[in-house]
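Open your viewer and get your selection tool ready. This tour goes stop by stop, telling you what to select and what you will find there.

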Amino acid sequence: MTGYIAKIKKISKQILDEGTVDMVIGFRKGTLALMNEPCFAKTSKAVDDFVWDGNCGINLANYLTSRKEKIGIIAKGCDSRNIITHIIENKIDRDQLFIIGVPCKGMLDRHLLSAKFPDEILNVSESEDAVIIKGADYEETLPRKEVLQENCSVCIHRNPVIYDELAADLVEEQADLDRFEAVRKIEALNAEDKWQYFEDLLATCIRCYACRNACPLCYCPTCFVDESKPQWVGKGQDTTDIRTFHFLRAFHDAGRCTDCGACVRACPMGIDVRMFTKKLEKDCFESFGWEAGLSLDARPPLDTFNPDDPNDFIL
Amino acid sequence: MKVIKIDKKEWTSGIEQVKNAYRVFGPIKEENKEFSAFKELGKGVTPDLSATDTRLSPKGIIFPQSEAMFEFTTDSTSDDCNLMNVPEKDYSPRAIVGIRPYDAAAFTLVKKNFDTPEYRDNYWVDAYDACTFIGLAVSSPSILDFSTSTKSGPFDETGLDVLLCDLDDHFLAKVISEKGETFLKAAGFTNIADEKDVQKIDILKKEAEDKIQSRVFFDKIQSYSILDIYEANFWEDISFACINCGTCTYVCPTCWCFDIQDEMQGKTGQRFKNWDSCMFPLFTLHTTGHNPRGTKLQRVRQRFMHKLKYFLDKYNDGIMCVGCGRCIRFCPVNIDIRRVCDTMNSFEPAK
Ligand code: SF4
Ligand code: SF4
Ligand code: SF4
Ligand code: SF4
């Protein structure tokens, strides 16, 4: 996957030089191991800074919202699905976009790796199947599939769903996996343990809203937690308010979440907020056979009504 | 200068003893998490001095993320109806044990804002005054630590009452203030170190400072006019990736902004002061609906201009940053204050 960059740069330069787009959105190398920084290039010279590797887990669709320019964008499977969602929700026009599709093999879990290596990771290099982690006085090679973000290990849409040009050949999709295993485990808990699970999950939340802001779906001009006329939610550290934020945000993402994992990746406290959205993803799939962002022509289940809609969840 | 030698075998019992006279705070591992946080230490809990940097700085011990400033009732039968009363506060002696020198230095920067001849933020200043700062020298600075470029450093004493240096089987405790001396006495740490030991501190200090690789320069920023640098063309590039979460400001030991909120239930309520962040659009939203910092670029520029330009100009005493590196580590999109500082410092105003 690290071999994609030459082609990504070539396409980016071409569409800039030909005037197809005004800017290309991609990543440049971060100043820390496991981190790259989303950036834009308006000239083919600026494209030289682009990188592509397993640290591009931020969802770039987030940077498209309501932009007016013609934009080239690098999109892995999940980004492409959020681009579709954006188009369906009128946040960007298909005609404004030149999508450089990137068949993805999963992004590295920065929380997991930094926890695994308490002594600063100085360098990470990747091959097809392995990741080499280097610190000041250690070096370790790990199988790539063991250090992927959890959403990536259960992803079945690694290939971009929509694109104008591909940066590489399509990859084989993962099959035979139980995508909802983690959700099922929580579902199986009794009420008390379930409550405790969510209490523990949110115990360290500082309400910085990085999870919300990293999410391409959370583009409301004023989020319900920020609304002040009237104010719906208290702004302190009251656990009820923290829960309200998370529960409601998750419901707002129902039928829209692509499980890109950007929210979890962004959280400074390493909270697995996906556990909320994943449950809703499962419900949408089981009730409506729906997966977000797979087609420009289908309306999401929550903005359509069908007399045959299942309603056994109504109490 | 007085230096006390503390045998590590006596450490736990000393900390236990000092809890009779102080509320003791220190870093401990968060339950089920891989990282530590500053917490009040109950009986039998000793601070984990081997913990690496805490994610949140200890600023919340003086400046809680959410703090009740007043209590009130709107019940007309009450004598206190519609009066704002300060709730009972505990300003008995407290101590932060194991605070990093840069985090202690950060409090002195924040003090410039909360304790001025015109204004005194009683909540902050009373808590600060009640606190004794027992620092732990940083012997292996992280790769993101650029504290020697700011007014701090791994063995810096600014804002500390005692500086502890870890020497495997014992600590050397440099007594910096009377408050520090009182604390050590209360813990029963009275064994004066000999001259040879004392010299070790300087050697360790030099070693630690030499290990720091990260540097920033802001020597030229003060010479640029505010408007020139405000209108510089690099802000779009710097701010592009930012998602305007408040992470950088929440983890920062020097960020001091807060919001005031009333919360009521029935007829009684409290007025809170909650951390706020210049990164949030709501921060500057006027009641008219106008927002003078309505765009991301404006908000990102504000954060860096405040830390690296306005503060510098206003106090002529360095930047509003102690170089702890937390905002770099926890920014989800890797916006690096060192890079921004360099960009600002090497800015060339249009002629
Ligand atoms: S990013 Fe993490 S800490 Fe911040 S609000 Fe979301 S869950 Fe809470
Ligand atoms: S909720 Fe999280 S996983 Fe779902 S689309 Fe938003 S950022 Fe991605
Ligand atoms: S600005 Fe960043 S490096 Fe400086 S004190 Fe704040 S968190 Fe630390
Ligand atoms: S932590 Fe990073 S993304 Fe979040 S507001 Fe700060 S600079 Fe922006």
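Which helices of chain A each supply at least two residues of the shell around ligand 1? They are helix 7 (210–214) and helix 8, where helices are DSSP runs of H or I with at least four residues, strands are E runs of at least two, and both are numbered from the N terminus.

Before going on, a word on conventions. This is a predicted model, in which local features need pLDDT of at least 70 and side-chain atom pairs count only at pLDDT 80 or more, while totals for chains, interfaces and linings use all residues. Residues are numbered from 1 along each chain as its sequence is written, chains are lettered from A and ligands numbered from 1 in the order in which they are written, and side-chain values use heavy atoms, leaving out hydrogens and water.

**Stop 1: the two ligands**

Stay with ligand 1 and show its shell of 14 residues (near means a heavy atom within 4 Å). Among them, A:C205, A:C208, A:Y209, A:C211 and A:C267 come nearest. Colour the shell by class and you get 12 nonpolar residues, one polar and one charged. In this scheme Ala, Val, Leu, Ile, Met, Phe, Trp, Tyr, Cys and Pro are nonpolar, Asp, Glu, Lys and Arg are charged, and the others, Gly among them, are polar.

Now select ligand 2, which has 13 residues around it. Here the nearest are A:C215, A:C257, A:C260, A:G261 and A:C263. The class split of this shell is six nonpolar, four polar and three charged.

**Stop 2: salt bridges around helix 10 of chain A**

Next, look at charged pairs. A salt bridge here is a side-chain nitrogen of Lys or Arg within 4 Å of a carboxyl oxygen of Asp or Glu, and the count over all chains is 51.

Select A:K278 and A:D259, whose closest N and O atoms are 2.7 Å apart in a salt bridge. A:K278 sits in helix 10 (residues 274–288) of chain A and A:D259 in the loop between helix 8 (239–252) and helix 9 (262–266), so the pair ties together parts that are 19 residues apart in sequence. Both A:K278 and A:D259 are buried; the scale is under 20% relative accessible area for buried, over 50% for exposed and partly exposed in between, with a 1.4 Å probe and protein chains only.

Staying in helix 10, pick A:K279 and A:D283, which form a salt bridge at 3.1 Å, N to O. These two residues are four apart, about one turn of the helix. A:K279 is partly exposed at 30% relative accessible area, and A:D283 is partly exposed at 26%.

**Stop 3: a strand pair in chain B**

Move to chain B and select B:E40 and B:R23, which meet in a salt bridge at 3.2 Å, N to O. B:E40 is in strand 3 (residues 36–40) and B:R23 in strand 2 (residues 23–29), 17 residues apart. Are they buried or exposed? B:E40 counts as partly exposed at 41%, and B:R23 is partly exposed at 23%.

**Stop 4: the domains of chain A**

Colour chain A by domain: domain 1 is 1–106 + 152–171 and domain 2 is 178–292, with bounds from an automatic or database domain assignment. Their centres, taken over C-alpha atoms, are 26 Å apart. The contact (heavy atoms within 4.5 Å) takes 19 residues from domain 1 and 18 residues from domain 2.

About 1,600 Å² is buried between these domains, with carbon and sulfur atoms giving 52%; buried area is the accessible area (1.4 Å probe) that two parts lose on being put together, summed over both. Highlight A:N62, A:R81 and A:V154, which supply 31% of the area that domain 1 of chain A buries against domain 2 of chain A, more than any other three residues. The rule finds one salt bridge across this interface.

**Stop 5: the domains of chain B**

In chain B, domain 1 is 2–58 + 74–211 and domain 2 is 221–345. Here 30 residues of domain 1 are in contact with 28 residues of domain 2. The buried area is about 2,500 Å², 63% of it from carbon and sulfur atoms.

**Stop 6: where the chains meet**

Finally, show both chains together: 42 residues from chain B and 44 residues from chain A make the contact. About 3,500 Å² is buried between them. In chain B, select B:F240, B:I243 and B:N334, which lose the most area to chain A, together 19% of what that side buries. The rule finds three salt bridges across this interface. End at the salt bridge between A:K42 and B:E236, with closest N and O atoms 3.1 Å apart.
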